[in-house]
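Colleague: I should be grateful for a close look at one part of this assembly. Please take a single residue, describe its setting, and then continue to the surface on which it sits and to the charged pairs elsewhere.

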Amino acid sequence: MKKFLSILLAAVLVCTLAACGGETPAPSSADAPASDAPADESAAPADDAAASDMNMSAAFVTVQPLGDPTIDLCYAGFTKAVEEFGFEKTTVVEAKAGEYEENFRALCEEGYGLIIANMPELQEAVGRVAPDYPDTKFMIALGEAAGDNVISTWNIEQYGTYITGVYAGLMTKTNKVAFLGGVDNDQLGRVGGGFIDGVKASNPDCEVEVLFVGSFTDPTKGKEMASLLYNEGCDIIFQACAQSGLGVFEIAKELGEGHNIIGIDVDQNGNIPGQVIGSFVTPYDQWVYEAMKEYAEGKFEGRVIYRSVAEGTTLKMATDYIDVPQEVIDAVDEATQKVLNGEVEPSDTIKKA
Amino acid sequence: MNFDFRQKPIKVKTALFAVMLGLLAGAVLILFTGNNPLVIYGYMFKGAFGSASSIASTLRWATPLLYAGLAATIAFRGGMFNFGVEGQLYVGALAAALVGIYGAGLPKIIHILACMLAAMAAGLVWAILPAIIRVKLGGNEAIPAMMLNYVAMNLCDFLVQRFFLPENTFGQTMATANVAEQVKLAKIIPPYTVTYGFVIAFVLIVVAHFMLKYTKAGYRISMTGMNSEFAQYGGVDVNGVRVKVMLLSGAVAGLCGAVEVMGVTWRYESGFSPDFGIEGILASLLGGNEPFGLLIGALFMGAVKAGSLVVERSAGIPRALAEVIKALIICFVSARLLSEYLGMDRLEKWLKGKLKRTAPAGANQVKEG
Amino acid sequence: MVNTWIIAILRLSAPILLCAVGSLFCDRAGVTNISLEGTMLLAAFMGVFGSYYSGSWIIGILCAVAAGVLASLFFALITLKFGGAELVVGFTMNVLLDGLTVFMLRSIFKVSGSLVSEKVIGVPSFTIPGLTKIPVIGGFVTDLNILVVLAFISVFLAHFIFKRTHLGLKVLSSGENPQAAATVGINVYGIRLLALVITGVLCGLAGAQLSLGYLSMFTEGMTAGRGFIALVAVMFARGSSMRVLLVTLLFGAAEMMSNYLQLFQYSSYLILMIPYLCVILLTLLQLILEQQGKKKRMISAREKTA
């Protein structure tokens with residue numbers, strides 16, 4: 001009983017201390033009225049009056065931390081839009097497991113008008129929260145949730161990675177390439193599946209090693225695995241493992257010429273000039289920017305958008321840094337045409353041996 | 001290496017002092033980030049208690065700590081170290097999720113109970129190996145249990161990927177489908193994510209308290225934990241108690257996973273637990289390894305977590321700060337001699353003297369120097 | 001091929017080895033210190049911190065060592081001086097230091113997850129010329145760095161200290177029977193403090209190897225349980241430095257093989273479990289052997305007295 005009282009006393013003391021010292025928290029809470037008030041500011045008026053009644057506040061919610069090339073890309077789009085359209089109140093939230101829903105609710109209640117959610121882990125939570133706050137708009141940079149106030153985005157990666165595979169198959173000098181994924185899940189399955197098909201299409205004798213780091217945030221392991229792959233004779237590694245990929249760049253730099261990388265999401269061709277032969281680019285920044293533009297102009301429309309090669313998710317060859325033989329460029333163009341015409345159906349999973 | 005651990009009672013002044021020191025250290029770190037500690041602690045308090053959503057948040061974060069902490073407490077009382085809570089709650093969560101999905105035809109109450117029992121069974125099974133290591137092989141169970149945590153997390157992800165992944169998802173997260181509607185625990189402050197799981201945990205704490213204090217089984221457990229040779233001499237089957245304590249602990253840990261799945265996430269998700277196992281152990285330590293102490297400890301840690309999330313959102317101070325403060329408080333609580341060293345004894349006497357002087361006339365004629 | 005494996009094993013084992021030797025000193029001196037994981041992590045961070053701001057890997061290593069020593073001194077303060085329970089403080093320190101490194105990473109460098117920067121200078125590796133092509137031996141002389149070398153020196157040094165020096169004897173008696181040791185005039189408190197400082201230094205070097213030795217970056221939580229594996233190595237070794245070396249190399253091999261196995265298309269999840277399963281199996285093996293050993297001794301003792 002004494003113990004109980006003592007700790008209770010301690011807790012009370014703590015709270016009293018905190019309460020004494022606490023002034024009303026200044027900026028972030030409640031400048032824009034919460035969503036239960038009838039919202040006429042964030043509803044889209046038919047006329048194009050931009051600023052004044054619009055709730056110009058936006059939140060950027062992510063699971064993978066900033067410093068991850070993919071997230072940084074999304075964030076670049078976010079900041080560009082913030083500047084251009086004059087969003088006054090913004091915040092960045094890194095959400096961990098188990099608190100997604102709570103974070104979204106809190107952001108809605110704090111009065112944010114637009115919430116950008118990055119990466120599919122958040123889609124479930126968005127789906128649960130969006131219906132309760134119809135005046136807050138959501139954009140999921142990669143994922144789907146139902147709702148009139150939600151823009152969902154599907155990225156059909158395998159078409160773009162097919163083209164990437166065609167390229168890799170032609171550029172390899174050892175007839176051995178590798179796919180290093182972050183985590184063994186559906187999305188990476190699409191990325192990898194398309195890649196493998198592409199390699200086999202342009203170079204049937206080429207071997208493709210498939211490895212997973214096990215984490216999107218472990219560059220140490222990424223470096224170990226890349227080292228293993230290069231030692232096995234692979235001369236091109238398509239690294240699709242977000243932050244873990246930073247380790248791959250390190251080892252490639254150390255080993256020098258002949259150890260090549262294909263970048264992911266961002267244009268990484270300039271990271272190690274001459275050794276990054278191309279990047280599979282996903283213009284997340286554009287997509288985020290476009291959604292925010294829509295919102296700022298009052299034209300936000302909840303819907304599902306499918307993105308693929310035609311919308312820019314495709315290979316960007318590092319022609320600025322290396323010499324790509326003309327026949328390779330032609331082959332890539334041909335493959336691109338085939339994809340756009342619907343002549344190829346690359347697999348969306350990595351077949352297990 | 002000596003893994004004996006006997007919990008000594010925590011004194012009032014030690015606890016108070018530890019909390020103050022911890023907050024002070026935190027204040028220094030906050031100053032380092034260029035913020036005003038009082039303002040930040042104010043945010044924290046508001047984030048923990050300032051509104052319905054804050055209180056809901058505090059309770060929501062305290063709930064898993066109550067279960068995980070109870071698992072740790074039960075083990076500690078029996079003289080065992082269940083550092084494998086994290087792994088046990090993962091397998092429990094997966095079990096609950098699977099029963100929740102595939103048992104959809106059952107009537108509601110049976111279904112809910114089935115999920116929970118499945119989780120408890122899974123957690124119990126996961127605690128068998130550490131128990132055997134201690135009892136049959138005479139080794140220390142702490143580190144194998146920790147290794148099993150990593151094994152559990154990967155095993156669950158593997159099973160989900162191979163057998164239980166739903167069709168047509170983005171599948172970035174390794175997760176199962178959602179459980180049946182009827183199994184989802186009801187929210188007590190809708191629409192926030194605190195559920196009846198909290199109420200159940202509270203009930204369990206009370207039950208545990210009474211069991212440990214007033215039943216024969218509880219007596220045997222406490223004796224085994226405090227002095228196993230004495231207990232053995234007195235006729236207690238020490239090894240039997242140890243095994244049962246470990247298995248019970250594992251079952252409660254599994255239940256932690258179940259409540260999280262049924263209440264918050266509504267499915268098994270890879271990596272859904274932000275170290276609930278470790279936090280639960282910390283909560284137990286904070287509470288002196290007693291059920292009611294755990295209650296306070298878990299609520300305190302839940303409040304700090306809820307508050308730190310708000311602080312992170314509003315002021316950008318990483319929530320890791322809260323971890324540092326919590327851990328420091330526990331270290332200081334354990335450092336029994338700290339308060340003596342820093343002259344708290346003299347301070348206490350001085351304060352007592354002051355209080356006596358202001359007592360009503362006639363109550364105390366002794367003049368303090 | 002074998003050489004590549006050996007290089008990898010040496011590299012992967014080095015941090016665990018350094019921690020394990022430190023833990024050996026603590027254990028023999030009678031201190032149960034389970035805060036190695038956190039200490040190594042703090043050291044890894046401070047190593048990167050030092051290297052970033054000074055441009056020199058030497059300063060980086062020194063910062064890492066300083067961090068390790070500071071952490072150990074904190075442990076000493078709370079447990080030796082203020083009577084804290086070793087297990088509680090050790091366990092909690094891991095949480096404390098993990099939180100502290102994350103906090104510092106985000107507040108000082110304003111990034112989260114990882115700190116990767118050109119400003120972080122890693123420890124250079126060297127190769128002893130001429131021998132690299134020889135199988136097996138070549139693996140031991142290629143791509144070494146000073147920390148890996150120190151790791152192996154530390155094992156032999158520890159072995160020597162415990163077997164041949166007065167200091168070693170003092171440590172062993174402080175752990176074996178502190179009251180008797182005190183009677184003979186050994187300053188048990190001082191010895192334990194020294195053991196903790198040594199652990200701090202070694203864990204500091206381990207952390208530096210993690211963040212500066214192979215990579216030049218810091219990742220949150222990059223120790224990934226190595227501190228606990230070091231503890232297991234020491235428990236398994238029952239006081240023998242050579243056994244510590246053996247067990248640690250086995251762990252390094254397990255980690256390396258688990259990476260290789262992925263080439264064979266097994267699920268990455270199953271493979272990631274392997275190092276941890278190895279630890280458990282090793283523990284079981286040791287305990288079972290010990291039990292059988294005890295039984296044999298009991299039986300032979302009975303036979304003698306019969």
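Modeller: B:Leu337 is partly exposed in this predicted model, its relative accessible area being 32%. That value lies between the limits of 20% and 50%, so the residue counts neither as buried nor as exposed. B:Leu337 is found in the loop that joins helix H14 (320-334) to helix H15 (338-341) of chain B. When neighbours within four places in sequence are left aside, the contacts of B:Leu337 are with C:Lys81, C:Phe82 and C:Gly83. By comparison with another position in its own chain, the C-alpha atom of B:Leu337 is separated by 37 Å from that of B:Ala251, and the two residues are 86 apart along the chain.

These contacts lead to the interface of chain C and chain B. There, 48 residues of chain C are in contact with 51 residues of chain B. The two chains bury about 4400 Å² between them, and 84% of this area is on carbon and sulfur atoms. C:Phe82, already named as a contact of B:Leu337, belongs with C:Phe103 and C:Tyr269 to the trio that supplies 17% of the area chain C buries against chain B, more than any other three residues. Five helices of chain C each supply at least two residues of the side that touches chain B: helix H1 (2-29), helix H3 (57-81), helix H4 (86-108), helix H10 (226-237) and helix H12 (268-305). The largest share, 15 residues, comes from H4(C). By residue type, this side of chain C divides into 34 nonpolar, 11 polar and three charged residues. Between chain C and chain B the count of salt bridges is zero, while two residue pairs are in polar contact across the interface, both at pLDDT 80 or more.

Salt bridges do occur elsewhere, and the structure holds 31 of them over all chains. Side chains of opposite charge can pair when their charged atoms come close. Within chain B, B:Glu260 forms a salt bridge with B:Arg60, the closest N and O atoms being 2.8 Å apart. This pair links distant parts of the chain, with B:Glu260 in helix H11 (residues 238-265) and B:Arg60 in helix H3 (residues 52-77), 200 residues apart. B:Glu260 counts as buried because its relative accessible area is 3%, and B:Arg60 is likewise buried, at 2%. A second pair in chain B joins B:Glu141 to B:Arg134, with the closest N and O atoms 3.1 Å apart, and both of these residues are buried.

In chain C, a salt bridge joins C:Asp27 and C:Arg28, with a closest N to O separation of 3.5 Å. Here the partners fall into two classes: C:Asp27 is buried, at 12% relative accessible area, whereas C:Arg28 is partly exposed, at 24%.

A network of salt bridges, finally, links A:Glu101, A:Arg105, A:Glu124, A:Arg128, A:Asp132, B:Lys187, B:Arg267 and B:Glu269. Chain A, which contributes to that network, has 10 helices and 12 strands. Of its 353 residues, 63% are buried. Chain A exposes about 13200 Å², of which carbon and sulfur atoms supply 52%. Among its contacts between residues at least 6 apart in sequence, 71% join residues at least 24 apart.

Technical notes:
Residues are numbered from 1 along each chain as its sequence is written. Chains are lettered from A and ligands numbered from 1 in the order in which they are written. This is a predicted model: local features need pLDDT of at least 70, side-chain atom pairs count only at pLDDT 80 or more; totals for chains, interfaces and linings use all residues. Side-chain values use heavy atoms; hydrogens and water are left out. Contact means heavy atoms within 4.5 Å. Buried area is the accessible area (1.4 Å probe) that two parts lose on being put together, summed over both. A salt bridge is a side-chain nitrogen of Lys or Arg within 4 Å of a carboxyl oxygen of Asp or Glu. A polar contact is a pair of N or O atoms within 3.5 Å; within protein, one must be able to donate a hydrogen and the other to accept it, and residues adjacent in sequence count only if both atoms are side-chain atoms. Helices (H or I, at least four residues) and strands (E, at least two) are DSSP runs, numbered from the N terminus. Ala, Val, Leu, Ile, Met, Phe, Trp, Tyr, Cys and Pro count as nonpolar, Asp, Glu, Lys and Arg as charged, and the others, Gly among them, as polar. Buried means under 20% relative accessible area, exposed over 50%, partly exposed in between (1.4 Å probe, protein chains only). Accessible areas come from the Shrake-Rupley method with a 1.4 Å probe; for residues, only the protein chains shown count as cover.
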